[in-house]
Amino acid sequence: MAGATDESMDIEKLYEYGERLNEAKDKSQNQKDYEGIIAAANGSVKAKQLTAQMIPKFFKYFPQLSEQALDQHLYLCEDEELAVRVQAIRGLPLFCKDTPEHLAKIVDILGQLLIAGDNVERDAVHKALMSLLRQDVKTSLTALFKHIGSTDDRNAEDLSAWESIREKVLCFIRDKVFPLKEELLKPKDEMERHITNLVKQNLLDVTGAEFKLFIDFLKSLTLFGQKAPVERVQELVEIIEGQADLDAQFNVSDGDHIDRFISCLQMALPFFMRGASSSKFFNYLTKQIIPAFDKLPDERKLELLKNLAECSLYAKPQDSRQLLPLVVQLLKKYMVRRKIEEINFTYIECLLYAFHHLAHKAPNATNSLCGYKIVTGQPSDRLGEDFTEQYKDFTERLSTIEELARAMNKKLTQGMAEHNKAIAAAKTEEEKETIKKQRQNATAGLRTCNNILAMAQPLHSKAPSFIGDQKISLSWKEANKAAAITSGPATSGQKRSSNGSGSNATKKGRGAGGVQNQLVNRAFEGEVIGIKA
């Protein structure tokens, strides 16, 4: 009974403090009343809730008590009672309404409170942050991004908690800030530049998925939109180049670096299409990665060659001239002269595609490499030298590959017919899906072989016309289009892996339909098609 009376008296005193402050013309003269409100933060639950409303309400009138008042209010934000915490969090933006010098500190505190486990509490934090973002977006964003930066100045004890806060801040920026960029980023030019600078300053410790999130956001800004000049697009490529670590010595045993390089090269491709320079990536490929190609893991080799093929359209003539010898060297490695060795058709498709596009930009470089006789009028034509052996060797390899591609086409076509019968005979949906997957892979295999035949045919000429446009559609690009049509839109929220790999894991067929040829089965099971003659 006495406890209830004491609580009632505390509440009554708080109302008295509040009434006197409300009525006072010069509220700064009622310091004792405000001190009484601050002290009540140590009282009962109801007193704390009332205090959480009154401390920010009269905060601006007592600058000499600002530190004490703010500290006491922050204790309420961590109170064991949910109702007290929620009320205190809702009051935080009020501290900044007339005293904006506290805004950065309040946003920093709210960033830490994003780890709240209760939905009501977390919703209060979100609303408080959005209120402050609308009041001063520049200061608020700067304070929020401090939670995303480097871990270098964090000790081991703080690191785990900091990582949790960092993750929540990133989610808040992704889900609440980015979708409202048109409303929040005003004035547009100034604020888009500011948030771009914040992103650039905080990319040191991001994961692959986080980096893609930021790049996708930046390219959605008007600053980097479709009407942006090339130098702005180049700025995005330079950000990606930094993430790819192109100034570092390549270590073939560093799996993370090769994954990052492939992912960044893939990410930069749309910007190459818009006129940004690809030279730094091609220089790194030429000097660091392609010379170590044989030492790369097999799954990375395929991803690298696919990206090389897609980017080859945007290589500059000088970059093409430097890279061509390495591409021809790899072509000769995989385009065998005899039919007794295993063939990787997908590798050859990638390399032939890259060869055509690089040679289109530096055609006379192929004279010494492949024995062609292309005349440009430059000393580099080397027309006075005899490269007959190079021409004979290269065209013999082409003929062998063409013969093997036709043979594989025939086998895949036969297998397709048998798989159509197998689908009709399948008894379960699982069996049908397995066979459909095998048929899709066989279709991709047919595209690969057809592309090889289309690209090899013109290379038998003494002075071939190299393909410099996109009339050849790479097999995996067509397969992706077909998959998109079949499956519909991608699942919302699905994250791309940091290594940028897009190939599916190989799935084993059930052998349905009586397809006995082991090599054809292998062709049905994945993108990489092998054959032994």
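The bend at a residue is the angle between axes fitted to the seven residues ending there and the seven starting there. The exercises below use a predicted model.

**Exercise 1. Find the kink in helix α18 and say which proline follows it.**

Step 1. Locate the helix: α18 covers residues 317-334.
Step 2. Look for the bend. A kink of about 40° lies at Leu323.
Step 3. Read on along the chain. The proline Pro325 comes shortly after the kink.

**Exercise 2. Compare the expected span of α18 with the distance between its end C-alpha atoms.**

Step 1. The expected span is 1.5 Å times one less than the number of residues.
Step 2. Helix α18 has 18 residues, so it should span 26 Å.
Step 3. The end C-alpha atoms of α18 are 25 Å apart, which agrees.
Step 4. Add the surroundings. Among the buried residues of α18 are Leu323, Leu324, Leu326 and Tyr334.

**Exercise 3. Work out why helix α5 is largely enclosed by the rest of the structure.**

Step 1. Count. Helix α5 (residues 82-91) has ten residues, and seven of them are buried.
Step 2. Name them: Val84, Arg85, Val86, Gln87, Ala88, Ile89 and Gly91.
Step 3. Find the cover. It includes α3 (45-57), α4 (66-77), α6 (94-97), α7 (103-113) and α8 (119-135).
Step 4. Conclude. Seven of ten residues are buried, so α5 is largely enclosed.

**Exercise 4. Classify two of the aromatic pairs, Phe261 with Phe281 and Phe293 with Tyr347.**

Step 1. The whole structure holds 16 aromatic pairs.
Step 2. Take Phe261 and Phe281. Their ring centres are 5.7 Å apart and their planes stand at 55°, so the pair is tilted.
Step 3. Place these two residues. Phe261 is in helix α15 (residues 255-273) and Phe281 is in helix α16 (residues 279-289), 20 residues apart. Both Phe261 and Phe281 are buried.
Step 4. Take Phe293 and Tyr347. Their centres are 6.4 Å apart and their planes stand at 75°, so this pair is edge-to-face.
Step 5. Place this pair too. Phe293 is in the loop between α16 and α17 (298-311), and Tyr347 is in helix α19 (residues 345-361). The two are 54 residues apart. Phe293 and Tyr347 are buried.

**Exercise 5. Find which lysine lies over the face of Tyr391, and which residues share a ring cluster with this tyrosine.**

Step 1. Lys462 lies over the face of Tyr391, at 4.1 Å from the ring centre.
Step 2. Ring pairs link Tyr391 with Phe355, Tyr372, Phe394 and Phe466 into a cluster.
Step 3. Look at another lysine. Lys27 lies over the face of Tyr61, at 5.5 Å from the ring centre.

**Exercise 6. Describe the backbone at Pro187, Asp245 and Arg382.**

Step 1. A cis peptide bond joins Lys186 and Pro187, with omega about -5°. Pro187 sits in the loop between α11 (181-184) and α12 (188-201).
Step 2. Asp245 is not a glycine, yet its phi is positive, about 60°. Asp245 lies in the loop between α14 (230-244) and α15. At 32% relative accessibility, Asp245 counts as partly exposed.
Step 3. Arg382 also has a positive phi, near 55°. Its place is the loop between α20 (365-370) and α21 (388-425). At 35% relative accessibility, Arg382 counts as partly exposed.

**Exercise 7. Sum up the protein as a whole: its secondary structure, burial and surface.**

Step 1. The protein has 24 helices and zero strands.
Step 2. Of its 533 residues, 49% count as buried.
Step 3. The protein exposes about 26200 Å², and carbon and sulfur atoms supply 48% of this area.

Definitions and conventions. Residues numbered from 1 in each chain as written. Predicted model: local features only at pLDDT ≥ 70, side-chain atom pairs only at ≥ 80, totals over all residues. Heavy atoms only, no water. Phe/Tyr/Trp six-rings, centres within 6.5 Å; stacked < 30°, edge-to-face > 60°. Helix = DSSP H or I, 4+ residues; strand = E, 2+ residues; numbered from the N terminus. Buried < 20%, exposed > 50% of the residue type's maximum accessible area, 1.4 Å probe, protein only. Lys NZ or Arg CZ within 6 Å of the ring centre and 35° of its normal. Areas by Shrake-Rupley, 256 points an atom, 1.4 Å probe, with all protein chains shown as cover. Contact = heavy atoms within 4.5 Å.
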